[in-house]
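User: I'd like to learn how to read a few backbone and sheet features. Could you walk me through them?

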Amino acid sequence: TQLPLVNPGIFSSAATVGNVMTSKTFMTTSYTGNTANSFGGTVYTYATPINLTTLFPSGIVFSLDNNGTVLPEVILEIKDENNNVWKAKLTGLSSSLQKYLISVSGNIEGIDKTKVKEIVFVFSGQGTKSLDIDWGLYEFTPSIPPAADQNLVITQLPLVNPGIFSSAATV
């Protein structure tokens, strides 16, 4: 079950965290904790709260793997608009994608499930860890490398007078 469109952010304390979106539905979060007390992760923040009960009536399903790193578990937090937080430990991570199912009506308690503003994956501790997340819908701009066949004939645009643009107030 896909999330509503989101641009995943990061957070950290005594850690370095980065997100790489490889498609509209797949991303990798990399984490390096400097101390045993380090923490950080990826956060999906919604400007307008989302309603988990209507979005995921059959439960929330997503896939995770640890990208071959030493990460046996990760914390999932869901926060409502009043900053109430529900937490779960997602265990059994391996180097192969595995699906996780969270029942909105059966598992999630203590928050307003109709007004969720953040969904967070939390890493902790020292060391380098990684999490592949197959869930999106993420904001994504694909990268297109040069064509393998450099003898291709260039396709012409229809006749156009190219304009200009600039980040400055004038062009």
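User: Is A14 buried, partly exposed or exposed?

Analyst: Happy to start there, keeping in mind that this is a predicted model. A residue counts as partly exposed when its relative accessible area falls between the cut-offs of 20% and 50%. A14 has a relative accessible area of 41%, so A14 is partly exposed.

User: Where does A14 lie, and what is the sign of its phi?

Analyst: First the general idea: most residues other than glycine have a negative phi. A14, although not a glycine, has a positive phi of about 55°. A14 sits in the loop that links strand 1 (9–13) and strand 2.

User: And what about the phi of N67?

Analyst: N67 is not a glycine either, and its phi is positive, near 55°. N67 belongs to the loop between strand 5 (60–65) and strand 6 (73–80). With 40% relative accessibility, N67 counts as partly exposed.

User: Now the sheet: in which order do the strands of the open sheet run?

Analyst: To read a sheet, follow which strand pairs with which. Here five strands give the order 2-3-10-5-8, with antiparallel pairing, and the sheet is open. Its edges are strand 2 (15–21) and strand 8 (98–102), each of which pairs on one side only. On average, neighbouring strands of this sheet are turned by 25° against each other, ignoring direction.

User: How many bridges join strand 2 and strand 3, and which residue stands opposite V17?

Analyst: Strand 2 pairs with strand 3 (residues 26–33) over seven bridges, in the antiparallel sense. Opposite V17 you will find Y31, in strand 3.

Notes: Residues are numbered from 1 along each chain as its sequence is written. This is a predicted model: local features need pLDDT of at least 70, side-chain atom pairs count only at pLDDT 80 or more; totals for chains, interfaces and linings use all residues. Side-chain values use heavy atoms; hydrogens and water are left out. Two strands pair if DSSP finds at least two bridges between them. Helices (H or I, at least four residues) and strands (E, at least two) are DSSP runs, numbered from the N terminus. Axes are lines fitted to C-alpha atoms, for helices over the stretch in contact, and angles run from 0 to 180 degrees between N-to-C directions. Buried means under 20% relative accessible area, exposed over 50%, partly exposed in between (1.4 Å probe, protein chains only).
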